[in-house]
Every structure is written in structure tokens, then in C-alpha cells.
Amino acid sequence: MTKFDPMAAPAALDKARDWWRGAVIYQVYPRSFQDSGDDGVGDLAGITARLDHIAALGVDAVWISPFFTSPMKDFGYDVSDYRDVDPMFGSLADFDALVARAHDLDLKVMIDLVLSHTSDQHPWFVESRQSRDNPRADWYVWADPKPDGTAPTNWLSIFGGSAWQWDPRREQYYLHNFLVSQPDLNFHEPAVQDALLDVARFWLERGVDGFRLDTINFYVHDAELRDNPPLPPEQRNATIAPSVNPYNHQEHLYDKNRPENLAFLRRLRAVMEPYGAAAVGEVGDAQRGLEILGEYTAGDDLMQMCYAFEFLSSTRPDAAGIAAVLHRVDAVAADGWPCWAFSNHDVMRHASRWRMPPEGLRLMATLLMCLRGSACIYQGEELGLPEADVAFEDLQDPYAVEFWPEFKGRDGCRTPMVWEQTNLHGGFSDVRPWLPVSEAHVNMAASVQDADPRSMLSHYRAALALRKAHPALIAGDLADMTTEGEVVRFVRSGAGEEIFCAFNLSPHEAVIARPEGEWAPIGEQVGGADVGTGHEIRLGAWQCCLARRAV
């Protein structure tokens, strides 16, 4: 590993303490963004080369999915060295160059920290599994079998099967909430927490501005190893795991979501504070996601932001559904701060998941920029990319292989970005990529859309510019949330202005009551309807109305 020279660290951005509040964050999946090394795999230097595209969108930060040293059983989410870059992605010098260029473009850099588990090839686990009395014996979750030799609890893995794996060296089971090769760290061991906080400091010293915290509600397990109770069928949903996975059959009270997690989050926040850094946590829970979001972001000593999976589900949100989610946030997370996302590297792209026409995707992008909270955009979302169809023989995702064909996994949203229309591999690489470039994506390449004012890319730029132009949309309050048929409407307010927002979430025209008072239209650049002066507002199919007044 390259020795770090603090004097050579990229200059830290001069940023407000609450820069994260209302920020728009662009997610990069490194393997699939840009290949600079002609090996078919994206890398850090490739990201640096494409940062201008990200900056031109108008986002505030870039979140980079894991690039740490890893055997890649789960494509970087199985870390074997937290303090180095996997050679397939480059080097620490490449990372420093990325941070420096991002800061030149006034982009914050957030990296994906996977703290709940490591690879089974991490030196910590290699040592831990050697015996029951070595210095790191308690760094992972080890437990004796039940008297009949079966697993200590009924806990299940998200990737299928039991969450426990027998280890013959210790004659004990170890916990893995994900792959067998991803053993869970034991957060009840103080030395584990200290080591992970040191990892955070390492990257903060290198100039990062924050973290995306993978599986933030999985850190702490129940020390008493109690069984999870069954979950009634009527309460099950497939927002966290596909319906074919029996993981959905349990109420996850003891394998995750433990209240002891809050103490560690406070320690992590204290480490970040001197750097002006912020974190967004991924809350993976099918029943209590919003409540946990509220718990983890309450006050000023926990995490700044969290996101749940309500808008990452397969069901397209209608007006009533959006209103219900936001009302629920008001009820259980009024003192917290959500971060909304419609797509990411783990779910089918929402262009396909919701089966929406392009005008519907434009409306949803505008809606995302008008919600109270911060927002994440997943690479390719700004191009309107649909889910790629990946043949079974091309699959890389172990999750897909386990549950194929009922669940096709995550490869379809991870195929390479398309930069050029004419290149054999969409401008991503000069050689065959690790996943094939979708033929359906090539005509939607960034170069095709860049200069077209009617393109999806231009719409995203306009929607982000609208948000940046109005402080009420960035960090203001949200009130008067109501629905009229398939129209959801609300008012954002703050910094001396009110913004009226109405969205027709249907392919049919709609007529709604006009808000009282004097309003000036502000939604022309995103295809918004005129607020008019009468008693009604007429909205076309998939059309919004945005208007402003000073207060």
C-alpha cells in the first residue's frame, strides 16, 4: 500500500456545515462508468475523465460505490483491505487525483463504506477463524451450535439460505447476512468499532467529504441470539428481497435494527464533524424503513441523512402513494432528513420498473427535485436508460444465479454507461466489457443527448437548475400535501418564498383547483403548465405546475 503523505492531500472544499441538506448526489458504479485501462472494467481514472459530465448536471456531490481491495465475490462489497484501492480500479494516487479534480469542479466526494461485514479474505477474519482465543477471536459474530448441531438461530441471509455458516476450525458458526464469504463484524466488541472509525479517519484525511453507509441498520446483532418471529403473509413485501426469497417471511427484530446501533452512529458522527463531512445511510428494512430513517437522523449527533426503499420498490408510486410516504415521514421522521432515490445499483432501473413513458420519467425527475430531503441520481438515470436484458450466460451477480429465472438479479442495472453512439461498446471501453453494453442503450448515449434541448439529459439539467435557483426547494419545509385524483400537490416554503408544486401522475389530462393568491410560473423549462389567474389549473398528461410567490 502506498504510504500517505498528508501534505499531498487534495485541498478540502470550503463547504457549509449543512451542505448536505438538500444536496443532489450522483452515484457512480465504478466497474461500469468508464474504462481507462482497456481491460473491460471501469476504474477511478475513468471516473476522473468523466467528472465534467457529472458537474454539468448541476449535482452537489458524487458517491462512488466500493473500489477497495476485494476478491469481488460481491463486486467490492466484500472488502479485504479498507485502506487501499483494488488494482482493477487503479491506485491511491488515482483516487487522490479524482478527489482533486472533483474539488476543482466544486463537487463533493462521498465514498461507499461497507462496515457491517468484510470479505472472508480480510486479515481480520483470517486471524479470527484460527482459534477461539486469538487477539481477534471476537471481532466477528461466532456462536456455538444448538445441542442438535443446527445453527444458533433461525436468521436468514438476504442472498438465500441460513445466515450462519459452520467453520470446522473453531467448531462454531459465523454470521453472514449476505454471502457466505461476507462474515459479519461484531460491533459488540469495542476494538471493532475503534478499527472502523480509524478507517473513516483514513479516508477523511484523504479529502473525502462524506460517506454512503451500506446496510447501516445491519451493524449490530442481538447479543442474546434470539430467533426472529414469523411475519404474517399479509405484512410481507418485496422491497428488500425478491418475493421468492424466504427472507421476507421473518420479522427482523434480532438480526438487525438493534437500538444499540445508535451509540456507534454517534461515535461515527463525532469523527466526521471536524471535517465537515456528511453521511447518508442505506436503511434496508421492508416494514420499518421510514421509522429507522427517523431514528438514525434525529437531532444533530447521528447521521445527517438516510434513505429507505419506499421509492425503490417495483410498484410505481401514484399520487396517493407518494402522499402516504411523505405523511409517514412527517409522522415518524419529522426531526430527521430523508434522501430520496428512484434507482441505484441494487434494483431494476425505474424506467423499466415503473413502465413509464419518457414524459413520465421527466415528470418524476422534476418531482424528485421538489421533494423535501436530499436526492440521489444513479448513473444513466439522466439518460433515461431502461433495464438491460442480460442473458443467463453473461450473468455476473451471484444473487441472480441463486434465484434465476424468477429473479434476474442486479446485472441489468449495472451494465456499462453509454457515452458514444458509434463506438462498439458505447464509448465505455475499447475491449469487451465485464457486462455487455445494451443495444437498446446505444442510441441514448450521452453524446446524442448532450446538445438536444428536448433530451432526457437536458431535462435533468433543467430540473436541477430549478432546484438550485430556489432555496425553498433545497431545504425548505413541505406543507399542504394533498391529492386530487392522480395529482399530488404541496407547497415548499423557506428563505422568503413559497413554491406551489402539482404533479399529474397519469397519462390523462387533469384539472385542479388553483391556489389562492398571486403566483408566478417557474416551471417552463421543465414543461410545466401555466398557473394562470383563474380558479383552475389544467394539467396535461404527465405534466406539472410549479409557481412561486414571495412571502
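A residue is called buried when its relative accessible area is under 20%. In this predicted model, buried residues account for 60% of the 551 residues in the protein chain.

The secondary structure of the chain consists of 15 helices and 20 strands. The radius of gyration is 23 Å, close to the 24 Å that the globule rule gives for 551 residues, so the chain is as compact as a globular protein of that length. The C-alpha trace spans about 80 × 50 × 50 Å along its principal axes. Contacts also reach across the sequence. Among contacts between residues at least 6 apart, 71% join residues at least 24 apart.

One sheet was examined strand by strand. It is open and has three strands, in the order E6-E8-E7. The pairing is antiparallel. Strands E6 (142–143) and E7 (164–167) stand at the edges. Each has a single partner strand, so one side of each is left without a neighbour in the sheet. E7 pairs with E8 (residues 172–175) over four bridges, in the antiparallel sense. Across this pairing, Trp164 stands opposite Leu175 in E8.

Attention then turned to a pocket. The second largest pocket holds about 300 Å³ of space. Its lining is made up of 18 residues. Thr239, Phe309, Glu310, Ser313 and Thr315 are the closest of these to the pocket centre. By class, seven lining residues are nonpolar, seven are polar and four are charged.

Key: Residues are numbered from 1 along each chain as its sequence is written. This is a predicted model: local features need pLDDT of at least 70, side-chain atom pairs count only at pLDDT 80 or more; totals for chains, interfaces and linings use all residues. Side-chain values use heavy atoms; hydrogens and water are left out. On a 1 Å grid over the protein atoms alone, a cavity is a set of points where a 1.4 Å probe fits but cannot get out, and a pocket is an open set with protein on both sides within 12 Å along at least five of seven lines; lining residues have an atom within 4 Å of a point. Grid points are joined across faces, edges and corners, and a volume is the space filled by probe spheres set on the points. Ala, Val, Leu, Ile, Met, Phe, Trp, Tyr, Cys and Pro count as nonpolar, Asp, Glu, Lys and Arg as charged, and the others, Gly among them, as polar. Two strands pair if DSSP finds at least two bridges between them. Helices (H or I, at least four residues) and strands (E, at least two) are DSSP runs, numbered from the N terminus. The radius of gyration is taken over C-alpha atoms; the globule rule is 2.2 Å times the number of residues to the power 0.38. Buried means under 20% relative accessible area, exposed over 50%, partly exposed in between (1.4 Å probe, protein chains only). Contact means heavy atoms within 4.5 Å.
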